[in-house]
Amino acid sequence: MNRPENRPENRAENRPDAIADAALTLLAERGMRGLTHRAVDEAAGLPQGSTSNHARTRLALLEAAVRRLAVREGQVLSVDELPDSAGGLDSLVDGMALALHRYLDRHPQLLVCRYELALEATRRPELRSFFDETGRQFREPLTALLRAAGSTTPERHTLSLVAWTEGIMFSCVAGSFRATTPTLPELRTGYRELLTGFLTTRATP
């Protein structure tokens with residue numbers, strides 16, 4: 001599939017954002033080993049030492065990347081664009097499928113950045129709490145949405161929905177289905193099957 005963009009777009013309007021965007025670009029292109037203060041300066045087109053002045057340690061640089069990733073993902077999967085639960089199943093299916101398709105089609109390298117940072121967070125407790133907090137900001141609105149839509153166990157359904165969505169993301173960006181990204185109608189079908197089960201099946205004791 002031809003993807004219109006292979007690098008995280010640089011939309012920064014100030015130096016801290018430019019540094020964090022350059023860090024994300026390096027993570028996507030070179031992996032964690034390629035992320036150095038000097039390389040960020042070069043990628044951002046800034047004088048040597050600029051990144052060190054903004055983020056003196058490697059952990060501070062990683063935290064800046066996580067913060068920026070959350071902003072960039074929020075622009076792709078905006079909470080403000082979550083469907084209205086009053087619109088019923090069709091609204092939920094359409095909203096989630098459109099957001100996932102946009103991510104896979106236009107921003108695959110943001111996912112590569114996320115995987116790099118998630119793996120690093122398993123080795124750095126300080127980064128783990130930071131990384132988990134950004135994830136909570138996306139999960140809580142989704143749980144509220146499922147509860148309003150009629151889920152009897154919204155927390156459990158949130159986990160299942162997130163796991164399915166992230167499984168599709170990984171498979172189509174870094175896994176064995178990378179060459180066969182689902183179409184928008186296929187994603188709608190997948191979400192419909194999943195959400196129909198959530199919203200029509202009563203929880204068992």
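**View 1. Asp-17 is partly exposed, with a relative accessible area of 23%.** The model shown is predicted. Asp-17 forms a salt bridge with Arg-68, and the closest N and O atoms of the two residues are 3.5 Å apart. This pair links distant parts of the chain: Asp-17 lies in helix 1 and Arg-68 in helix 4, 51 residues apart. Unlike Asp-17, which is partly exposed, Arg-68 is buried, at a relative accessible area of 7%. Buried means under 20% relative accessible area, so the 7% of Arg-68 falls within that class, whereas the 23% of Asp-17 does not. A network of salt bridges links Asp-17 and Arg-68 with Asp-21 and Arg-72.

**View 2. Two further salt bridges involve Arg-124 and Arg-147.** Glu-120 and Arg-124 meet through their side chains, with an N to O distance of 2.9 Å. Glu-120 is buried, its relative accessible area being 11%. The side chains of Glu-155 and Arg-147 also form a salt bridge, at 2.8 Å from N to O. Arg-147 has 43% relative accessibility and therefore counts as partly exposed. In total, the structure holds 13 salt bridges.

**View 3. His-157 is a buried residue of helix 8.** Helix 8 covers residues 154-173. The relative accessible area of His-157 is 4%, so this residue falls under the 20% cut-off for burial. The side chain of His-157 makes a polar contact of 2.6 Å with the side chain of Ser-151. When neighbours within four places in sequence are left aside, His-157 is in contact with Leu-146, Ser-151 and Phe-198.

**View 4. Helix 5 has the span expected from its residue count.** At 1.5 Å a residue, its 19 residues should span 27 Å, and the end C-alpha atoms are 28 Å apart, which agrees. Helix 5 runs over residues 88-106. Its buried residues include Leu-92, Val-93, Met-96, Leu-100, Tyr-103 and Leu-104. Gly-95 and Asp-105 are also among the buried residues of this helix. The cover over the buried residues of helix 5 includes helix 4, helix 6, helix 7, helix 8 and helix 9.

**View 5. The largest nonpolar core has 49 residues.** Within this core, the residues with the most contacts are Leu-35, Leu-104, Leu-117 and Leu-195. Eight elements need to be followed here: helix 1 (15-30), helix 2 (37-44), helix 4 (58-76), helix 5 (88-106), helix 6 (108-121), helix 7 (125-149), helix 8 and helix 9 (184-200) each give two or more residues to the core. Leu-104, listed above for its core contacts, is one of the buried residues of helix 5. In soluble globular proteins, nonpolar side chains tend to be buried together.

**View 6. The chain as a whole contains nine helices and zero strands.** Along the sequence its pattern reads α-α-α-α-α-α-α-α-α. Of the 205 residues in the chain, 42% are buried. Among contacts between residues at least 6 apart in sequence, 68% join residues at least 24 apart. The accessible surface of the chain comes to about 10,700 Å², and carbon and sulfur atoms account for 51% of that area.

Terms used
Residues numbered from 1 in each chain as written. Predicted model: local features only at pLDDT ≥ 70, side-chain atom pairs only at ≥ 80, totals over all residues. Heavy atoms only, no water. Helix = DSSP H or I, 4+ residues; strand = E, 2+ residues; numbered from the N terminus. Buried < 20%, exposed > 50% of the residue type's maximum accessible area, 1.4 Å probe, protein only. Contact = heavy atoms within 4.5 Å. Areas by Shrake-Rupley, 256 points an atom, 1.4 Å probe, with all protein chains shown as cover. Polar contact = N/O pair within 3.5 Å; in protein donor to acceptor, adjacent residues only side chain to side chain. Core = buried A, V, L, I, M, F, W, Y, C linked by side-chain atoms within 4.5 Å. Salt bridge = Lys/Arg side-chain N within 4 Å of Asp/Glu carboxyl O. Expected span 1.5 Å × (residues − 1).
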